[in-house]
Amino acid sequence: MDWLLAPFEYDLSTWHPLAVHLPVVLLPLGALGAVAYAFTGRVRLRLGLLVLFAVTSVAAWWAVETGERLYDEMEGTPIVDELIAQHREPAEWAMRFSIAVLLRLAGLPGRRDWQLRRQSGPRRL
């Protein structure tokens with residue numbers, strides 16, 4: 001049973017390489033799924049994309065968190081400071097993008113929906 005607990009003996013920052021690669025793989029996969037959904041409109045595909053982007057959002061958040069912890073542990077090392085400067089913005093972008101797509105798939109209206117509602121006037125029963 002000790003082998004089950006072995007992965008949890010590491011600090012959160014040692015999980016950073018795994019955490020980074022999850023959104024790197026899942027975002028393009030989700031983009032392909034979104035293109036397929038745009039052409040087919042299948043409900044099952046949309047539900048699958050909801051799950052995929054939920055996992056991607058959590059994975060992107062996890063990557064940002066582990067990256068910040070890793071930076072705190074290695075702060076002051078010149079190469080780490082350079083790498084953090086290069087990686088921070090794309091990591092935060094991936095997190096925001098995956099959350100935005102997740103919310104859009106969940107049915108929250110986007111900017112275009114609000115503009116169309118404003119142009120069409122009040123709804124009539």
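Colour the chain by secondary structure and read along the sequence: the pattern is α-α-α-α-α. That makes five helices and zero strands, where helices (H or I, at least four residues) and strands (E, at least two) are DSSP runs, numbered from the N terminus. You are viewing a predicted model, in which local features need pLDDT of at least 70, side-chain atom pairs count only at pLDDT 80 or more, and totals for chains, interfaces and linings use all residues. Residues are numbered from 1 along each chain as its sequence is written, and side-chain values use heavy atoms, with hydrogens and water left out.

Next, shade by burial. Of the 125 residues, 23% count as buried, meaning under 20% relative accessible area (1.4 Å probe, protein chains only).

Now select L26, L27, L49, L52, F53, A94, V101, L102 and L105 as sticks: these nine residues form the largest nonpolar core. Such a core is a set of buried Ala, Val, Leu, Ile, Met, Phe, Trp, Tyr and Cys residues joined through side-chain atoms within 4.5 Å. Helices α2 (16-40), α3 and α4 each supply at least two residues of this core, and the largest share, four residues, comes from α4.

Then turn on the surface and pick E68, D72, E73, E75, D81 and E82, which gather in a patch of negative charge. Patch members have over 30% relative accessible area and no salt bridge, and like charges are joined within 9 Å; a salt bridge is a side-chain nitrogen of Lys or Arg within 4 Å of a carboxyl oxygen of Asp or Glu. Which helix gives the most to the negative patch? Select α3, which contributes three residues. Both α3 (43-74) and α4 (78-105) supply at least two. To finish, click E82, which lies in α4.

Key:
Patch = residues over 30% accessible without salt bridge, like charges linked within 9 Å, V, L, I, M, F, W, Y side chains within 5 Å. Areas by Shrake-Rupley, 256 points an atom, 1.4 Å probe, with all protein chains shown as cover. Lys, Arg positive; Asp, Glu negative; His and termini not counted. Charge placed at Lys NZ, Arg CZ, Asp CG, Glu CD. Buried < 20%, exposed > 50% of the residue type's maximum accessible area, 1.4 Å probe, protein only.
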